[in-house]
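Biologist: Please take a close look at the charged side chains here and who they pair up with. I'd like the walk-through for someone at the bench, in plain words.

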Amino acid sequence: MGNYQAVLKDPYITSSLINTGIYAVIVVPVQTVLSMVIAYVLARKCKNRFGNFVRSALFIPVITSMVLTAAVWRLLLAGDPEGVINSIIGLFGMEPVNWLGSSWPALFSVCLIGIWKNVGYFMVIFYAGMMDIPVSLYEAATVDGAGSARQFFSVTLPLLKPITYLVVTLGTIWSFQVFDLVYTLTGGGPGRATMTLVLTIYNSAFKDFKMGYASAVSMVLLAIVLFISFLQKVVFRERDEGRRKHV
Amino acid sequence: MRHSNGKIRISKWIIYLLLIILAAASIYPFIFMILTSLTQKKIMTASFDFSAMDLRNYKNLLSGFPILTYVKNSLIVVSCACFFYVVIATLAGYAFAKKKFPLKEAVFWLYLATLMMPGQVILIPVFTIMKNLNMLNTYPSLFAVILDAFGVFLMRQFMEGIPDDLIESARIDGCGELGIFMRVILPLSKPVIVSLVVFTFITSWNDFIWPLVMITKDEMKTLTLGLSMLQNAYVSSYGLIMAGATLAFIFPFILYCILQKQFVEGIALSGIKG
């Protein structure tokens with residue numbers, strides 16, 4: 001039990017938990033909404049070759065490794081004023097930022113890359129779900145005088161509920177497993193600004209050779225993942241029963 | 001009426017513009033990667049001098065690093081992972097879908113429950129087991145970890161949909177158990193097998209954390225691991241790192257171009273995993 005006491009007292013664990021939590025809180029909502037909206041636009045407004053091209057393009061980040069992605073983004077985020085990202089924000093009149101050299105920008109960069117990598121994946125899942133919605137429902141909504149926005153909120157969104165739960169749960173679980181990205185991009189730094197739970201496990205096991213301690217941190221990760229899955233099950237069931245009672 | 005038509009057209013152009021920006025944001029980093037791999041840049045800028053481009057970084061990569069060994073290792077690991085995953089998943093999936101044996105449901109759900117356990121949680125126990133078996137720095141340590149319960153689940157779900165009549169009539173026609181599996185079940189399951197292969201290819205090619213802990217010998221490194229090592233050792237040789245990254249990118253990308261539909265399906269299928 002000594003290991004668990006040490007884990008609970010360790011301020012580094014707390015900070016990597018907080019970082020991982022911030023990552024999840026930023027990445028999950030943004031990627032869920034973004035991928036859903038893109039999928040909706042592609043499925044409802046752009047069912048042509050151009051739409052297919054956009055879909056294929058958004059999927060390319062999904063097939064590449066996180067290591068490769070992080071290696072490329074490290075150069076895009078380079079701190080020089082002429083760097084790519086700094087040039088882009090310069091167009092909007094913003095000062096160049098030392099993205100990977102200071103705490104908050106570094107954590108923000110990690111989130112940004114996470115979203116960039118995941119959106120294509122979840123977009124495909126949403127897209128498949130939207131294709132299953134019968135066109136007649138939209139036609140009926142149009143006859144009833146519902147505009148695009150109304151159709152999205154009254155037809156698409158309710159029918160996509162199970163898929164949305166899946167995307168949110170999966171996204172949250174993935175967020176707590178972030179490793180390759182921070183290992184390659186920042187190594188957890190500057191300081192411990194982008195330290196995550198899995199990076200802590202890896203460092204304590206394979207750099208400090210504290211296997212018992214690292215296993216205790218692994219159990220914290222397992223508890224979190226099981227809790228998220230459990231939460232999803234409970235929310236799911238409640239909603240399901242609610243609907244049944246309604247009918 | 002005319003006015004609202006104009007409005008629709010404008011909103012359509014705005015949607016197209018936004019989609020183009022999104023597509024560009026997805027593709028540009030890879031174009032940037034390829035272009036940078038052709039230069040000797042020391043400072044990262046958004047502009048490129050096309051007249052000064054050459055293949056020097058690729059030559060240095062081939063002459064100075066065992067990069068071809070990394071590629072070979074990656075290909076071996078990927079092929080073994082795909083082969084064993086398909087063999088195990090189709091056979092076990094068939095048994096769980098169509099055969100009767102005691103405690104079938106209980107065994108299946110227990111097996112499926114292992115998917116709840118993320119790989120990172122069992123990092124240390126699996127590493128310790130491999131170490132005690134003297135299997136560190138071997139190919140099996142890299143592809144064995146890819147073979148989880150997901151493939152079996154996928155195959156069972158699909159094979160349950162194959163009508164029993166087909167199996168029965170094959171049996172009446174004199175097909176043995178193996179014959180039924182090879183001539184009836186496998187051909188019918190082809191689409192889902194292709195999806196599984198594609199999914200396994202991507203997972204094992206891009207895998208990083210397992211090679212990182214299992215492999216210490218340079219001649220056993222995979223390309224993804226080699227790329228990470230290259231990046232840590234030559235932080236400012238941007239062109240060289242991007243040449244390595246391009247090499248790691250090109251294999252899945254070519255496959256993606258050929259098998260786009262199966263790719264999207266195969267990877268979207270993994271969503272069921274959650």
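Modeller: Here is a tour of the charged pairs, centred on one arginine.

A bit of housekeeping before that: residues count from 1 along each chain as its sequence is written, while chains are lettered from A and ligands numbered from 1 in the order in which they are written. This is a predicted model, with local features needing pLDDT (the predictor's confidence in each residue, from 0 to 100) of at least 70, side-chain atom pairs counting only at pLDDT 80 or more, and totals for chains, interfaces and linings using all residues; side-chain values use heavy atoms, leaving out hydrogens and water.

Side chains of opposite charge can pair when their charged atoms come close. Over all chains there are eight salt bridges (a side-chain nitrogen of Lys or Arg within 4 Å of a carboxyl oxygen of Asp or Glu).

Let's zoom in on R156(B). One of its partners is E105(B), with 3.6 Å from N to O. That bridge spans distant parts of the chain: E105(B) belongs to helix 4 (residues 104-113) of chain B and R156(B) to helix 7 (residues 150-159) of chain B, 51 residues apart (helices are DSSP runs of H or I, at least four residues, numbered from the N terminus). R156(B) also forms a salt bridge with E160(B), at 3.7 Å from N to O.

What about burial? R156(B) has 7% relative accessibility, so it counts as buried (under 20% relative accessible area; exposed is over 50%, partly exposed in between, with a 1.4 Å probe and protein chains only). Its acidic partners are another story: E105(B) is partly exposed at 40%, and E160(B) is partly exposed at 38%.

R156(B) has a ring to deal with as well. Its charged end sits over the ring of F108(B), 4.0 Å from the centre (the rule asks for NZ of Lys or CZ of Arg within 6 Å of the ring centre and within 35 degrees of the ring normal). Elsewhere in chain B, K41(B) lies over the face of F48(B), 3.8 Å from the ring centre.

Away from R156(B), D54(B) and R56(B) join in a salt bridge, 3.1 Å from N to O. Here D54(B) is partly exposed, with 26% relative accessibility, and R56(B) is partly exposed too, at 43%.

Last stop: salt bridges link K99(B), E168(B), R171(B) and E177(B) into a network.

Terms used:
Helices (H or I, at least four residues) and strands (E, at least two) are DSSP runs, numbered from the N terminus.
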